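Visitor: I would like a close look at one part of this protein. Could you pick a loop residue and walk me through its surroundings?

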Amino acid sequence: MVIPARLGAFRVLCLFTVFEAVCLLDTGMLFPRESSSREVKELNGRWDFRADKSPNRNQGFEKAWYKSRLAETGPVIDMPVPASYNDITQDPTLRDFIGWVWYEREVVVPARWIADEGTRVVLRVGSAHYYSVVWVNGVKVTEHNGGHLPFEAEIGSLIRKDPTQPCRITIAVNNTLTLDTLPPGNIQHMDDRTKYPDGFFVQNIYFDFFNYAGIHRSVLLYTTPKAYVDDITVVTDFLDNTGLVYYKVSVQGAATATLKATLMDKNGHCVVSSSGPSGVLKVVDVNLWWPYLMHENPAYLYSMEVRLMATDGRSTYEDVYTLPVGIRTVNVTSTQFLINNKPFYFHGVNKHEDSDIRGKGFDWPLIVKDFNLLKWLGANSFRTSHYPYAEEILQMCDRHGIVVIDECPGVGIKDIRSFGNSSLTHHLAVMDELVSRDKNHASVVMWSVANEPAAEMPPADFYFKTLIKHTKALDPTRPVTFITDSNYARDRGAPYVDVICVNSYFSWYHDPGHLEVIPIQLKSQFENWYGKYQKPIIQSEYGADAVAGIHSDPPVMFSEEYQKAVLQSYHNVLDQKRKQYVIGELIWNFADFMTVQGITRVVGNKKGIFTRERQPKAAAFILKERYWRLANETGRLPVWTKYPCSF
Ligand code: GCB
C-alpha cells in the first residue's frame, strides 16, 4: 500500500497502521554509534590470514584452526580488513580461490568493559562474503549466511570468563555459491583427466561482476548497557507545514523502562520531545528532506535522541542512541514518482562497490570521491546494483540528498531450481535483514527485490508474488520493484510491483553496431510495458562498453564515440516519454568494474562513464550536461551550485 498523498486525515490514520507493520521484525540492527552510554572500537587493519587450500577445503574445521592461534597451525599472511582478499597478493590461486579462508586477530578489550558486568560487549561484522563462522577464544559465537549485510554476537560473558587472556577473534569465510544462495551459483567438477588436472572445478555464476570475497566491511566491538535500545523505527509524514515523525523503540534487557525521544534540528536545538516507547513528534515549520537539486536546501536531517532509563533492582541503566531523521514522503501514481507530493525524476546512475586492490572492501576515500563525482555529474539518485551497499554509503546519501533504490542480492536467478522453497525462504530472510537495516534512511525510496531473474519460468510467478507481498508487509511506506530485462516475456512479477524498471541494451547486445534501431526499439519497449501495466517506468539500465582512449568516427563499438552516441539516442526517446510516464533513467554504469574473465569482457566491464580509477570518459560530459539541464527544468538548485568549482 502506497498511500495517496491527497487524503489528509485518512493518510495519518493509515500511517499508524502501516507503522505497526514496519515493526514486524523483532531484533534490531541499529548502526553502532558512540554516545554517552556506548563506545565503539574498530578492529580494522592487519589480520592474520590463511586460505584452506586442502582438496576438500575442510582442513580448517577438521584440525580446528579456531582453537589456537592461526599462526600455530600453519603459515599465515597479512590481510587487510576491510578488503576483498582476491587482489591483495601476487598469488593467482588466491585471486580465484573458492572455499574457506580464515582470518584472525587479537584484541585488547578495555578493562572497564570487562570489569563492568552491566556492559554488553558486541562483536559486529559489517559484511563478509559469503558464509561466515565466528569464534572468540575458540568458542563459536555466531554464523551468518550471505554477504552485504551485517551480523553480530554478544561476547561479554565469554571474555569475562578469563580476563587475563587476550580476546582472539577468528572468522572463517566461504565464498562458495549454491543454487539457494543470493546470488546463486554452482560448483562444477571437471572429471575428464585428458582435459583437466586432478581436482579441477569451477564456480559458475550468472551475474556480471567479480565474486570478490573476504571481510568487506568494518569489524567492530561496541558496548551498550545491559538494558538498551535494541531498535528504532521511524516513519515520517507532513500535513501543511507540520512534520510528523512516528517512532517506535524496542528495548532489550529490561522488563520496564522509561523512554524519551527528543528531536533536534541541525543546530542541535530541541524541537519537540515525547515520552514512551512509541509516539508521534510534531514538528512545526518543518524542514523537509529534499533530494539534491530538487530544492535549495536539500537533505535536511534532524537528530532523534532516544534516551532509556531502566533499573533491575540492583543497578540503574541509561542508554542513549541518536538517529538522523529526514522527514519526507514517497508516493507513486500511475505516471509519477512523488517525493513530498512533488514529481521526482530519477537522473542517476547504477553503481558497484568495486575498485582496484580493495575489490569490494569499504574505503572512505573512494566513497567521498564517488559522491563528489555524483554531484559534479548532477546525479540525484542511484540504484545499489546488485546488492546492499555499506551503511556509511546510505548515510552519505541521507546527508547529500542522493535518492536510493535499495537492491537485495537477488541477481542472477536464472536456474529453475533457484525458484524452489529453500531459495525463497532465504530470499525472504534477506529482505527481512535488508529492511531492518535500511528502513530509517530518508534517502531510500524504493526496494528492489531482484535483478533480471529468469521470470519467464512458471515458478517465478509464485516466487515474486510472495517476495513482493512480504516486502510490502515489512514496509508498506515504500514502493517495491524488481528489475526486468527488455525481454517482454519475463514479466512475471510485474503485476505485483509499484514501478516497472527495465534494463535494455539496444544496439549493443541486440543489433550490435546498429544505432539506428534505438529510437524504434526503445519507444516500443516503453509503449508495451506501459500499455500492459499502466505503471510508471524507470529505464533502470542502458549503456555501452567504451575502452577509455579508443576513438572512432564514425563511431564503432567499444569506442568512446559509440558510447556517447548510444546515450544520445536513448536521451532523445527519454525526452519524449518522460513527459508521459517514464520517471527516471539510470546509466549503466557509473564506473568500469571487474568481472569474471570471459571473451566479452576486457579486464572487466567497460560500460562506466568513469574509468575504474574514476576519470571521466567522453560520455560523462554528455551526461553531466543533460543532468544539469534536467535539474534546471525539474528542480530548484541550491545557492552554492552557482559556484560549481566548489565540488
Ligand atoms: C545487465 C546486468 C548488469 C550487467 C549489464 C551488462 O543487464 O543487470 O549486471 O553488468 O547488463 O553490462 O551486461
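Guide: Happy to; we will start at one lysine and work outward from there. Please keep in mind that this is a predicted model. Lys351 sits in the loop that runs between strand E25 (346-350) and helix H6 (364-377). Its relative accessibility is 8%, so Lys351 counts as buried, the cut-off being under 20%. Who are its partners? Leaving out residues up to four places away in sequence, Lys351 touches Asp370, Phe382, Arg383, Ser385, Tyr389, Asn589 and Phe590.

Two of those partners are worth following. Ser385 is joined to His386 by a cis peptide bond, with omega at about -10 degrees. His386 itself lies in the loop between strand E26 (381-383) and helix H7 (391-400).

The other partner to follow is Phe382, which leads into the nonpolar interior. The largest nonpolar core has 94 residues, and Phe382 is among those with the most contacts inside it, along with Phe371, Met431, Val449 and Phe464. Take Met431 from that group: setting aside neighbours within four places in sequence, Met431 is in contact with Cys408, Trp447, Val449, Leu467, Thr471 and Leu474. Another core, of 51 residues, lies apart from the largest one and includes Val229, Ala299, Phe337 and Cys501.

If you enjoy cis peptide bonds, here is one more to visit: Val81 and Pro82 are joined in that way, with omega about 0 degrees. Pro82 is found in the loop between strand E3 (77-81) and helix H3 (92-95).

How values were computed: Residues numbered from 1 in each chain as written. Predicted model: local features only at pLDDT ≥ 70, side-chain atom pairs only at ≥ 80, totals over all residues. Heavy atoms only, no water. Core = buried A, V, L, I, M, F, W, Y, C linked by side-chain atoms within 4.5 Å. Buried < 20%, exposed > 50% of the residue type's maximum accessible area, 1.4 Å probe, protein only. Contact = heavy atoms within 4.5 Å. Helix = DSSP H or I, 4+ residues; strand = E, 2+ residues; numbered from the N terminus.
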